[in-house]
Amino acid sequence: MSEDRSSRALARIEQALARIEAASRRPATVSDGAELADLRARHDQLRSAVEESLQQLDQLIESTQG
């Protein structure tokens, strides 16, 4: 039974690797300026949200440590 699960897991890993290799051979698409600007803005928003969350976690940890 364990060998069967291992075989299936290995097969899934090999399939994923094949997809990754195929994707790496495809040429990269060129984003237009507006799409790139949108991605940068979303990245900045996400970064800000993560920074704020980490600050809140730091405050929570400090408050529990006395």
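The radius of gyration used here is taken over C-alpha atoms, and the globule rule set beside it is 2.2 Å times the number of residues to the power 0.38.

**Figure 1. Overall dimensions of the predicted model, a protein with 2 helices and 0 strands.** The model shown in every view is predicted, and the radius of gyration of the protein is 22 Å, whereas a compact globule of 66 residues would have one near 11 Å. Taken along the principal axes, the box filled by the C-alpha atoms is roughly 50 × 45 × 10 Å. Helix α1 covers residues 2-25, and helix α2 covers residues 33-64. Buried means under 20% relative accessible area, and 0% of the 66 residues of the protein count as buried. The accessible surface comes to about 6,300 Å², with 54% of this area belonging to carbon and sulfur atoms.

**Figure 2. Charged side chains and the salt bridge of helix α1, between arginine 8 and aspartate 4.** The protein carries 9 positive and 12 negative side chains, and a distance of 10 Å lies between the centres of the two sets. Side chains of opposite charge can pair when their charged atoms come close. The structure holds 2 salt bridges, and the one in this view joins the side chains of arginine 8 and aspartate 4 at 2.6 Å, N to O. Because these two residues are 4 residues apart in helix α1, about one helical turn separates arginine 8 from aspartate 4. Arginine 8 is partly exposed at 44% relative accessibility, and aspartate 4 is likewise partly exposed, its relative accessible area being 40%.

**Figure 3. The salt bridge of helix α2, between arginine 42 and aspartate 38.** The side chains of arginine 42 and aspartate 38 meet in this view, with a distance of 3.7 Å from N to O. A salt bridge is counted when a side-chain nitrogen of Lys or Arg is within 4 Å of a carboxyl oxygen of Asp or Glu, so the pair of arginine 42 and aspartate 38 qualifies. Arginine 42 and aspartate 38 are 4 residues apart in helix α2, which means that about one helical turn lies between them. Arginine 42 has a relative accessibility of 48% and counts as partly exposed, while aspartate 38, with a relative accessible area of 41%, is also partly exposed.

**Figure 4. A nonpolar surface patch that includes valine 50 of helix α2.** The residues making this patch are Leu46, Val50, Leu54, Leu57, Leu60 and Ile61, and the patch has an area of about 550 Å². One of these residues, valine 50, lies in helix α2 and has a relative accessible area of 39%, so that valine 50 counts as partly exposed.

**Figure 5. Isoleucine 20 in helix α1 and its separation from alanine 34.** Isoleucine 20 has its place in helix α1, where its relative accessibility of 57% makes this residue exposed. Between isoleucine 20 and alanine 34 there are 28 Å from C-alpha to C-alpha, although the two residues are 14 residues apart along the chain.

**Figure 6. Glutamine 59 and threonine 64 in helix α2, with the distances from each to a second residue.** Glutamine 59 belongs to helix α2 and is exposed, with 55% relative accessible area. The C-alpha atoms of glutamine 59 and alanine 28 are 42 Å apart in space, for a separation of 31 residues in sequence. Threonine 64 also lies in helix α2, and its relative accessibility of 61% counts as exposed because the cut-off for that class is over 50%. From threonine 64 to arginine 47 the distance is 26 Å, C-alpha to C-alpha, and these two residues are 17 residues apart in sequence.

Notes
Residues numbered from 1 in each chain as written. Predicted model: local features only at pLDDT ≥ 70, side-chain atom pairs only at ≥ 80, totals over all residues. Heavy atoms only, no water. Patch = residues over 30% accessible without salt bridge, like charges linked within 9 Å, V, L, I, M, F, W, Y side chains within 5 Å. Areas by Shrake-Rupley, 256 points an atom, 1.4 Å probe, with all protein chains shown as cover. Buried < 20%, exposed > 50% of the residue type's maximum accessible area, 1.4 Å probe, protein only. Lys, Arg positive; Asp, Glu negative; His and termini not counted. Charge placed at Lys NZ, Arg CZ, Asp CG, Glu CD.
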